[in-house]
Amino acid sequence: MALFLGFDSSTQGLTALVLDCTGGERRVVLERSLAFDRDLPEYRTRNGVWRRGVGEVTSSPLMWADALGRMMEWLASERSFDIGGIAAISGAAQQHGSVFLNASAGGVLQALDSGNPLAPQLARVFSREESPVWMDESTTPQCDAISRALGGREAVARLTGSAPFERFTGPQIRKVFEHAPDAYRATSRIHLISSFLTSVLAGRDAPLEPGDAAGTNLLDIHACEWAQAALDATAPGLRERLPPVAPSATVVGPLSSYWRDRYGFPPALVVTWTGDNPSALVGSGLFSAGALGISLGTSDTVFGFSEEPRPTAAGSCHVFGAPSGGYMSLVCFRNGSLAREAVRDLYGYDWPAFSRALRATAAGNRGGLMLPWLEPEITPHVTQPGLRRLNLAAHDAPANVRAVIEAQMMAMANHAAVITRQRVQRLLATGGASVNREILQVMADVFDAEVIPMASGNAAALGAALRAFHAYEHAHGRRLDWNEVYDGVEAADYAARVLPVEGNVSIYRDLRKRYAEFERTEAATTAEPRS
Ligand code: XUL
């Protein structure tokens, strides 16, 4: 039996997915999630995070490791499959978040005592007990300073794939160096969440995967190595604090003896984890340009594969490495599922009533528009949150439900235009909200493209299992082409495909322009300019 285990450590929870690749099969045999707020209440997160000062959003690196430990324990107790068949393990994690470790971490990870639970043993390895996450908006001064040192936003984008963004790891590190110099001095390793969790599984310090490393504003995306100028512009002594960047298919080592002795896991190969978006690219089977992926999660993201990096400082498009080789372009929206939930809750709806409201209202919402910036927004850059309406009565519940979905889809379609110049005819939808047909119908109509939902709903976890499989084959001298890796995966649910309705498409063609104008005006009056 050849089983491959993929994790997705997302903002609000952890998912494990087991893929059976025995004899040419690619069958998902198990998928299970835990939610941080519900299942690890002792960390007191809300939606997986802590909200601190103005724009500051952090979370607990100990909680992420603890969740991984609990999931491993659960997998070991699960009787529907044999953990002895697990050949390799990889994962995906929310991007940009940084984990600050002190000098004891390496030794502790190597010598974890299998007679005791994981979390208490890791409690003292952090030089900062809180990790900034991708929702953090507090580093505008650091972004500006980095931008100035490197010759402007355009220059930073050309070098690192993205202009400086508040949530990116480099500006976050600079803030720690400026505001907590003692903690910075006490830090010997700064991991991304992905490489930290890889290290916990392998019991040794893991390298960074290039796709995720590109979310730092520190990587030269052309050479795929740390850019010294960017390191210098960020904080002193940074190079020795960062893990090396290694090819995506790197096997870090076997699963450490902690997991083998405590739970009876086999010495499965641990493959470097990547970011949730690069992993979702793999899980969606996007190995060439053409279709786009859309992930409707805590963040909403639109992404596509590209052969060449085409970074731009305009808009909010990022270039990351694609784990399958080449690059990916991505646009990220902060007001994703939490905005959908906030509007749902505002009108006392549950999800079935939310869907009924979408069905009961007409495409175009009679010109009613909403900007669902319940939180500061990444795309476009908006620092002062607040829900804005135009030609839309606040008391009209169904119209407000339609307005939030239309707004999210129009924003995605408008801003995703920088990803590809080709007309996009197919969208692969993943993430929690991709099970909602009414939402997918709006997506299809706004983009004028067919929408295919992913069967498992979690392309990032599936991508992780596929990367584990690919690296395992590679380690055994079998260099599988990515299409061979993906061949047989029943990832897309073609039966649930949603086609655009011509009458609605023409309505949105016009409305998208009006939405863009409304967005431009409001963003200009509420955002602090970036220098
Ligand atoms: C991407 C981004 C988010 C996080 C959380 O740039 O910030 O999508 O990866 O999912």
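Q: A polar contact is a pair of N or O atoms within 3.5 Å; what makes the pairing of Gln95 with the ligand such a contact in this predicted model?
A: A polar backbone atom of Gln95 is 3.0 Å from an oxygen atom of the ligand. The cut-off is 3.5 Å, so the pair counts as a polar contact.

Q: Which polar atoms of His96 and Asn277 lie by an oxygen atom of the ligand, and how do you know that these pairs qualify?
A: In His96 a polar side-chain atom lies 2.7 Å from an oxygen atom of the ligand. Asn277 likewise places a polar side-chain atom 3.0 Å from a ligand oxygen. Both distances are within 3.5 Å, so both pairs are polar contacts. The ligand taken alone exposes 290 Å², of which the protein buries 97%.

Q: What makes a residue part of the set around the ligand, and which residues are they?
A: A heavy atom of the residue must lie within 4 Å of the ligand. The residues around the ligand are Gln94, Gln95, His96, Trp134, Arg167, Asp276, Asn277, Ser299, Thr301, Leu330 and Cys332. Helix 13 (276-283) and strand 18 (327-333) each contribute at least two residues to this shell.

Q: Where does the ligand sit, and what is required for that statement?
A: The ligand sits in the largest pocket. The statement requires that more than half of the ligand atoms lie within 2 Å of the grid points of that pocket.

Q: Why is helix 17 (residues 437-447) described as largely enclosed by the rest of the structure?
A: Nine of its eleven residues are buried, so the description follows. Each of these nine has under 20% relative accessible area; among them are Glu438, Leu440, Met443, Asp445 and Phe447.

Q: What makes Asn436 a cap of helix 17?
A: A side-chain oxygen of Asn436 lies 2.9 Å from the backbone nitrogen of Glu438, at the N-terminal end of the helix. That distance is within the 3.5 Å cut-off. Helix 17 is followed by Asp448, whose phi is positive, near 55 degrees.

Q: Which residues have the most contacts inside the largest nonpolar core?
A: They are Phe7, Leu75, Leu201, Trp259 and Phe265, in a core of 131 residues. Helix 2 (residues 61-77) gives the most to this core, namely ten residues. Another core, of 52 residues, lies apart from it and includes Leu440 and Val331.

Q: Is Ala362 buried or exposed, and why?
A: Its relative accessibility is 53%, which is over 50%, so Ala362 counts as exposed. Ala362 belongs to the loop between helix 15 (351-360) and strand 19 (369-373).

Methods: Residues are numbered from 1 along each chain as its sequence is written. This is a predicted model: local features need pLDDT of at least 70, side-chain atom pairs count only at pLDDT 80 or more; totals for chains, interfaces and linings use all residues. Side-chain values use heavy atoms; hydrogens and water are left out. A nonpolar core is a set of buried Ala, Val, Leu, Ile, Met, Phe, Trp, Tyr and Cys residues joined through side-chain atoms within 4.5 Å. Buried means under 20% relative accessible area, exposed over 50%, partly exposed in between (1.4 Å probe, protein chains only). Helices (H or I, at least four residues) and strands (E, at least two) are DSSP runs, numbered from the N terminus. A polar contact is a pair of N or O atoms within 3.5 Å; within protein, one must be able to donate a hydrogen and the other to accept it, and residues adjacent in sequence count only if both atoms are side-chain atoms. Accessible areas come from the Shrake-Rupley method with a 1.4 Å probe; for residues, only the protein chains shown count as cover. On a 1 Å grid over the protein atoms alone, a cavity is a set of points where a 1.4 Å probe fits but cannot get out, and a pocket is an open set with protein on both sides within 12 Å along at least five of seven lines; lining residues have an atom within 4 Å of a point.
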